[in-house]
Amino acid sequence: MTKILVIHGPNLNLIGDREVDVYGATTLADINTGLAKRAAAAGLEVETFQSNHEGEIVDMIQRTDAAVIILNPGALTHYSIAIRDAVAAGKAPVIEVHLSNIYAREDFRHTSVIAPVAVGQIAGFGSSSYYLAFGAAQDILS
Ligand code: DQA
């Protein structure tokens, strides 16, 4: 079965409880369930992975056999050259997602070092950012 891998970076395990005004009340478990339902309806496999550790995310990108990766690198978006290089080296296209509109926030969030090596970026739609990315992944696969 064709697989989509969804990677959630640092602190995303806390959403639903963390800065609810910025990230919304939806939990990561809710998002993962929503993605699993969409995958089941589409006949696709979805694997979800959360880590607070840069190296674990690099390992996951290197090891996966997924056809497409949906990646929310959290704060690592703004400075992780290691994740950028893993994305550039990997064979699977990567869709970058953010719950918040990073361009409407602090200046340090306006730069994504991942965006230049991603297929595209979806930001600012809350939990829907992931579902829009899932739709984009289906388009890439079809
Ligand atoms: C985030 C945006 C990042 O700037 C922040 O560090 C996060 C979450 C988002 O989904 O909006 O942890 O990636």
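Let me begin with a definition: a residue is called buried when its relative accessible area is under 20%, exposed when that value is over 50%, and partly exposed in between. Asp 59, at 31% relative accessibility, therefore counts as partly exposed. Please bear in mind throughout that the structure before you is a predicted model.

I shall stay with Asp 59 for a moment. Its partner is Arg 63, with which Asp 59 forms a salt bridge whose closest N and O atoms are 4.0 Å apart. Both residues belong to helix α3, where they sit 4 residues apart, about one turn of the helix. Arg 63, for its part, has a relative accessibility of 66% and so counts as exposed.

Helix α3 also brings us to the packing of helices. This helix, residues 54-63, packs with helix α4, residues 81-89, at an angle of about 0°, and the two axes are 9 Å apart. The cut-off for roughly parallel is an angle under 35 degrees, and α3 and α4 are therefore roughly parallel to each other. Which residues in α3 and α4 meet? From α3 there are Glu 54, Ile 57, Val 58 and Ile 61, and from α4 there are Ala 82, Ile 83, Ala 86 and Val 87.

I turn next to the salt bridges as a set. The count comes to 6. One of them joins the side chains of Lys 3 and Asp 65, at 2.9 Å from N to O. Lys 3 lies in strand β1, residues 3-8, and Asp 65 in the loop between α3 and β3, so this pair ties together parts that are 62 residues apart in sequence. Its two members have contrasting surroundings: Lys 3 is buried, with a relative accessible area of 14%, whereas Asp 65 is exposed at 62%. Lys 3 and Asp 65 are, moreover, linked with Glu 47 in a network of salt bridges. Another salt bridge pairs the side chains of Arg 18 and Glu 19, at 3.6 Å from N to O; Glu 19 is partly exposed, with a relative accessibility of 41%.

My final residue is Glu 96, in strand β4, residues 94-98. What is the nearest side chain of opposite charge to Glu 96? It is Arg 84, at 9.2 Å, and Glu 96 is buried yet has no salt bridge. The side chain of Glu 96 does make a polar contact, at 2.6 Å, with the side chain of His 98. Beyond its sequence neighbours up to four places away, Glu 96 touches several residues, among them Leu 71, Pro 73, Thr 77, Ile 114 and Gln 121.

Notes:
Residues numbered from 1 in each chain as written. Predicted model: local features only at pLDDT ≥ 70, side-chain atom pairs only at ≥ 80, totals over all residues. Heavy atoms only, no water. Helix = DSSP H or I, 4+ residues; strand = E, 2+ residues; numbered from the N terminus. Buried < 20%, exposed > 50% of the residue type's maximum accessible area, 1.4 Å probe, protein only. Lys, Arg positive; Asp, Glu negative; His and termini not counted. Polar contact = N/O pair within 3.5 Å; in protein donor to acceptor, adjacent residues only side chain to side chain. Contact = heavy atoms within 4.5 Å. Axes fitted to C-alpha atoms, helices over the stretch in contact; angles between N-to-C directions. Parallel < 35°, antiparallel > 145°, perpendicular 65-115°, else oblique.
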